[in-house]
Amino acid sequence: MNLRRIKHTLLRLSPEEKTIGLGSLAILIGCFIPWYDRTDVLAGKRYIDTAFSGDLGVIGFVVFIMSALSLIVLIAENMHLPFPYLGFKRENLLAFFLGQSAFLTLLTVSIHTKRALEFTDAGLRFGIYLALAGSIFGTFSAFALIRKKQKSEILETLEQAEEINEELAEAVSEMEADMEEELDKMDLDVEMEVEEVAPLHFVEDAETLDSIELSLNEDDEGEKDAKKNNEESSTPKKEEESDPEQGNFFTREAGLEKSKEEGVSESKKNNAFYDDK
């Protein structure tokens, strides 16, 4: 079961990830193969050093740990193994581990090369070259994986933006269609209202205007009559002139008018008397 899972995991890996895995395995295998050998002519002995032996064994041990961690990081996600990423991406961790392995391996190569000049028979062996090649190829593959992930993220964001734009375009088109339907309904309602109102002809208009004028004239005449009535009611009536004959009616009946005439005649006679004198 585990072998089958490992097989499917390896088949699902990308070319960059496969190169990283092969590079990590090459480093691990190269750590157990001789890195450096020298011959002591005076002592007549030959010394062979691996990644863990000699005075540079600490560097070889660190290279081994780094390559093992890169391999674990590579398969941990697919194998569902718990691994603390510490907030970093998987490809960034792979580039760090393999880059450190390549740097330390190059440092070891330079040191062994300098030491080989002190001996007549000394040199580098196959193991260190295998580890160096695996670390360099793995580092470049890790950087290529980073670039690939960045491109995929950019493409995903662009696809999401396109999907959002398409959704917005569809929403806008739906809104425009709804607005057009509402405007068409409003136009139909207005046309129906206009059709319901019957048009007036000239003759009917003239008759209506005449009726309005008559009603206005009647109202004006009624107002004038009301004003006249108010004025007549407000002005007091003049007393009728008394007829003098009517005033002397009672005196004539009582016989007083005659006496007055007689007195007048007597007064005239007296005056005549004085005039003759």
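This report describes the salt bridges of a predicted model and the packing of two of its helices, α2 and α4.

## Salt bridges in the model

The model contains seven salt bridges. Among them are pairs that join distant parts of the chain, such as R90 with E17, D55 with R115, and E153 with K89. In addition, a network of salt bridges links D37, R46 and R125.

## A buried pair: R90 and E17

R90 and E17 form a salt bridge through their side chains, with an N to O distance of 2.4 Å. The two residues lie 73 residues apart: R90 belongs to helix α4 (residues 90–116), and E17 belongs to helix α2 (residues 15–32).

Buried residues are those under 20% relative accessible area. R90 is therefore classed as buried, because its relative accessible area is 10%. E17 is likewise buried, because its value is 7%.

## Pairs with greater exposure

The side chains of D55 and R115 also meet in a salt bridge, at 2.4 Å from N to O. This pair spans 60 residues, from D55 in the loop between β2 (45–49) and α3 (57–79) to R115 in helix α4. D55 is exposed, with a relative accessible area of 54%, whereas R115 is partly exposed at 31%.

A further salt bridge connects E153 with K89, whose closest N and O atoms are 3.1 Å apart. E153 is located in helix α5 (residues 126–196) and K89 in the loop between α3 and α4, a separation of 64 residues along the chain. E153 is partly exposed, with a relative accessibility of 37%. K89 is partly exposed as well, with a relative accessible area of 43%.

## Packing of α2 against α4

Two packed helices are described by the angle between their axes and the distance between those axes. For α2 and α4, the angle is about 35° and the axes are 12 Å apart. The crossing of these helices is left-handed.

On the α2 side, the contact involves E17, I20, S24 and I27; on the α4 side, R90, L94, L98 and S101. By class, the contact of α2 with α4 comprises four nonpolar, two polar and two charged residues. E17 and R90 both take part in this contact, and their side chains form the salt bridge described above. The salt bridge between E17 and R90 thus links α2 with α4, the helices that pack at about 35°.

Definitions and conventions
Residues numbered from 1 in each chain as written. Predicted model: local features only at pLDDT ≥ 70, side-chain atom pairs only at ≥ 80, totals over all residues. Heavy atoms only, no water. Salt bridge = Lys/Arg side-chain N within 4 Å of Asp/Glu carboxyl O. Helix = DSSP H or I, 4+ residues; strand = E, 2+ residues; numbered from the N terminus. Buried < 20%, exposed > 50% of the residue type's maximum accessible area, 1.4 Å probe, protein only. Axes fitted to C-alpha atoms, helices over the stretch in contact; angles between N-to-C directions. Left-handed = near helix turned anticlockwise from the far one by under 90°. Contact = heavy atoms within 4.5 Å. Nonpolar A, V, L, I, M, F, W, Y, C, P; charged D, E, K, R; others polar.
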